[in-house]
Amino acid sequence: MMELFAPHLPLLDLIFIGTGYALSQAIVFRAGTFSVASSGFAALGAYCAAILTVKQGLHPAAAVAMGTMLGLLAGLLLAMPLARLRGVYQAIASLAFVEVVVALILYLENLTGGPLGFHNIPRVVTPWMLFFAMVITMALLIILGRGGIGRAFDAMRQDPAVAASLGVNPTRYHILSFALSGAIAGLFGSLDALRNFSLTAEQFGFSILIGTLSAVVLGGRRTVFGPLVGVTILVLLPEIFRPLAQYRQAVYGLLLVLVMAFLPFGVFDSIMMSLRNRRLARQGMLPQKAGS
Amino acid sequence: MARQQTMIAQQLLNGLVLGGVYALFALGFTLIFGIHRIMNMAHGAVFMTGAFIGLYTVRAGMPLWFALPVAMVAAGLVSILIEVIAFKPLRKLALADAELASIISSIGAGLIVLSIGQYVSKTETMRFPFGTVSPDAIVVLGLRVTMLQLLMLGVAVLGVGLLAFYLYRTAQGRQIRAVAGNYRAAQLLGVNPDAIFYQTFFLSGALAGAAGVMVGLAFNAVQFLMGEPFLLKAFVAIIIGGLGSVPGALIGGLVLGLLQSLSAAYLPSLLVDAVIFMLLFVILMIRPDGLFAQAVLESPTKRV
Amino acid sequence: MTSFRRNLYSLALFSALGLATQASLAADRKIVILQALTGVASFVGVPASEGMRFAADELNASKFLGNDRIVVEVADSASARAQAMAAITRYAADPSVLFILGPTTAVEAIPSAGVANDAKIGMKAMTNAVGLLNAGPWGFISAQPPSITMPQLGDYAMDVAKVKACATIRFSDNEAYVDLERIFVEHTQKRGMKIVDRSGIKQADSDFSTIATRIVAAKPDCVVLFTLGPSAANLAIQLKQAGLPASVKLIGQTGLSSPQLISIGGAAVEGLVFNSDWTPGGNTPASQAFAAAYKAKTGKDADNWAALGYSYMTVVAHAVKAAGPNPTRERIRDALTKTKDVPVVVGTGKYSYIDRIPNYGSSFLMVKDGKFVVAPQ
């Protein structure tokens, strides 16, 4: 069975790791923060794990743990400054954070290899490990989402004032969402590094940030499966359209525009919503339109 | 010592000229944000379109003073097209939901425009024909100022001036400023929201197009990806000046240009980006409104 | 004869016939051309793959592999490492694929070499990044590394161009060019050259006003450009705009070998000298024949990348031939490692691997009257 998958393994890698990054992104959206800092956390985790494994000879499992911790720490540090801003300003500040991380990685050549990249990282991580990491992360987020934390996030996103009056301490949950986001991104960044032989700073810059953001918005940002759907679509697209290689960018762009126009809540989420609405309508539980 | 001073002065001049172009670019972006609360991520693609149209017009034998307005009009029209494709379908959504969706949608629209540029240019880097602008330079107070630099400064001043005139002195401009994001009120006042969208997007596009032609001339590189680095840097200019503020975008652009020039002159090149983005972060922390706070619609900081 | 023995004889006869038929059937030797056909490196990948294809057609026409023929399949890496890696995995799983020519850039090729070594398929990338070799014996580089070419360029600068104080400009976001500059500086400084300024630019940059101003103020007698053609052309223009005197010599390296250097640079690049793999139009009978045939077939002038692609395919074909009548991936890898004096159309005409480092010499070209000519020696 593995032979069937063997030629397409790199695609699965991309889906598993990409979903990890997208989940890291989605969780801060769920808590009402417009932050795109995930790729910055991932960069920190990835380089941390790579440097510790290659230069310090640390056991890969320990290196991954350190990478995750570093991501978590960065999330904690970023949470408070971003809490003071709103909406688009948070986005720009988090974008600035990512660009600073990328620029510093490029500058600290002795540590990170700078523009030359960091190479010859042992391939210790297997596709199964990536799969399990993804599944466990999704399970964790589903459990948290169904519980008090999820409800708190939803409340904060929809109406911070109401949330506060309900006794939800926005600061605490805000920091929690960032800690989770940072840890998840740090984890998957470390796994990425130990799977793909080498790292460059650019791979965590503006384009992956846009790619992750697109995947979340495309698939759906309210559910845990939305990011997976979004990432899968975006990973499979270049493969399906290989004959149209020249126009791949245009197809990608058209896809984004069309999905946003017709399914603005994301492919998966929109489908889930319409299914739920249909079920509610059948049960006669939808609010009546005025005048009918 | 005198040579050092001359070099610093020359770098300041470079920075000012670059800043003028940043200002044009930032103005277009901040106009859309200020009026509609939309981040138009396709702005870089519109900028590129202006450069392309300008280049092909000159290649067809037209003089520069003709090609520039043509490029601006073309870019303005493309901008309107992007509005219709990417933003119009989302107008019916509540603002909170629309924000993210419209960002993604505009990214998509930008990619489509980029693809067209890629196809048309076959990914090659093109340049304006030699002699489009005279290579002469004049010497003012010991500084070399090329004709091109004068042209860039001139176009920047003209662009800002025309926009300011339109916004502050014409009836349509007053309408635009009054509407600023409150469509219900606008409709009650009898203003057609579509008209507002078309005007603002056209102006935004025209300014970006002008910036594109200037950059194409100045840096001899007209390429389908030329907009990308500008968009990122433009964020810095806009935040410095204040999101949604017209004079702010101008000042912000100039400050950014000077900052970039000076840091590139004195710091290792790899550190320049780090410095600029760290500055952006710090400004957002201490004064997110930027320099010109009153033009911003909502407070950028949380009230809770 | 019992029926059993008759059956046995029939079986033996059929088997013999079967084997004989198979032996005389021509075998397809499948080589995948994996290059950046789209994306930022397409200006290398597209002509390179055309040169490779052209070589394969020529070799088949001249029956280089006897009855067997080279079958090429062209794939696009889109200048993206993820796609390059995915493509290598995909082709490695196809047993009919013997070898992969590519990828194009160091960024794609270095991690791809890891994949190729994992999958045990030979891979010869366009790049000269020596770091690729660390991944294992299955990954090969194709272009001469700076440790070979830069001392030659440095000596040319000091002995022929007779310059003493240089400013350098390099792509800081491309490993190959960072290495080129570093080795050039090391070598020339050891010989007593003064390096008055070292600047880094990004490949996507086009605003060089600040750097130009600074370099002009440093008063060098030469400027050395470690970039690609379009950027170098642009740098030359902006340097002159900033007031660089005409007496300052412009020097470059093989990355400048493209028609865009002249079409973008115009008068600003007159007199620029650089070391090159390929002399446009050819400098030997073999390379001139290639240039003519390529122009006749494709209608385009062969550029540096097409000539290199053509040469690399030739080298791989020689390895396939040396691997014997049953070329497996291992045998091709071993034969390639032992490549010696394969006739090519670049450099001084003979390609060898010495300790897995490519060696084929270089020539010096100059821009004169809007054309590439051989530089004064």
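Start by selecting helix H8 of chain C, residues 229-241. This is a predicted model, so check the helix for length: 13 residues at 1.5 Å a residue should span 18 Å, and the end C-alpha atoms of H8(C) are indeed 18 Å apart. Now colour H8(C) by burial. Of its 13 residues, 10 are buried, so the helix is mostly covered, going by the cut-off of under 20% relative accessible area. Among the buried ones you'll find C:Leu235, C:Ile237 and C:Leu239, along with C:Asn234 and C:Gln238. Just past the helix, click on C:Gly243, which has a positive phi, near 105°.

Next, bring up chain B alongside chain C. The contact draws on 26 residues from chain C and 27 residues from chain B. Together the two chains bury about 2,100 Å², with 52% of that on carbon and sulfur atoms. Turn on polar contacts across the boundary: there are 12 residue pairs, counting those with both residues at pLDDT 80 or more. On the chain C side, helices H7, H8 and H9 each give two or more residues. Which helix gives the most to this side? It's H8(C) again, with 6 residues. Colour that side by residue type and you'll get 6 nonpolar, 16 polar and 4 charged.

Stay at the boundary and look for its salt bridge; the count between chain C and chain B is 1. Select C:Lys202 and B:Asp273, whose closest N and O atoms are 2.7 Å apart. C:Lys202 sits in the loop between strand S7 and H7 of chain C, while B:Asp273 is in helix H11 of chain B. Are the two partners buried or exposed? C:Lys202 counts as partly exposed at 26% relative accessibility, and B:Asp273 counts as buried at 18%.

Now move within chain C and select C:Arg214 and C:Asp197. Their side chains meet in a salt bridge, 3.0 Å from N to O. The pair links distant parts of the chain, with C:Arg214 in helix H7, C:Asp197 in strand S7, and the two positions 17 residues apart. Both residues are buried.

Last stop, chain B. Select B:Glu83 and B:Arg91, a salt bridge with its closest N and O atoms 3.1 Å apart. B:Glu83 is buried, at 0% relative accessibility, whereas B:Arg91 is partly exposed, at 28%. Add B:Lys88 and B:Asp194 to the selection: shared salt-bridge partners join these residues with B:Glu83 and B:Arg91 into one network. If you'd like to keep hunting, the count over all chains is 24 salt bridges.

Terms used: Residues are numbered from 1 along each chain as its sequence is written. Chains are lettered from A and ligands numbered from 1 in the order in which they are written. This is a predicted model: local features need pLDDT of at least 70, side-chain atom pairs count only at pLDDT 80 or more; totals for chains, interfaces and linings use all residues. Side-chain values use heavy atoms; hydrogens and water are left out. Contact means heavy atoms within 4.5 Å. Buried area is the accessible area (1.4 Å probe) that two parts lose on being put together, summed over both. A salt bridge is a side-chain nitrogen of Lys or Arg within 4 Å of a carboxyl oxygen of Asp or Glu. A polar contact is a pair of N or O atoms within 3.5 Å; within protein, one must be able to donate a hydrogen and the other to accept it, and residues adjacent in sequence count only if both atoms are side-chain atoms. Helices (H or I, at least four residues) and strands (E, at least two) are DSSP runs, numbered from the N terminus. Ala, Val, Leu, Ile, Met, Phe, Trp, Tyr, Cys and Pro count as nonpolar, Asp, Glu, Lys and Arg as charged, and the others, Gly among them, as polar. The expected span of a helix is 1.5 Å times one less than its number of residues. Buried means under 20% relative accessible area, exposed over 50%, partly exposed in between (1.4 Å probe, protein chains only).
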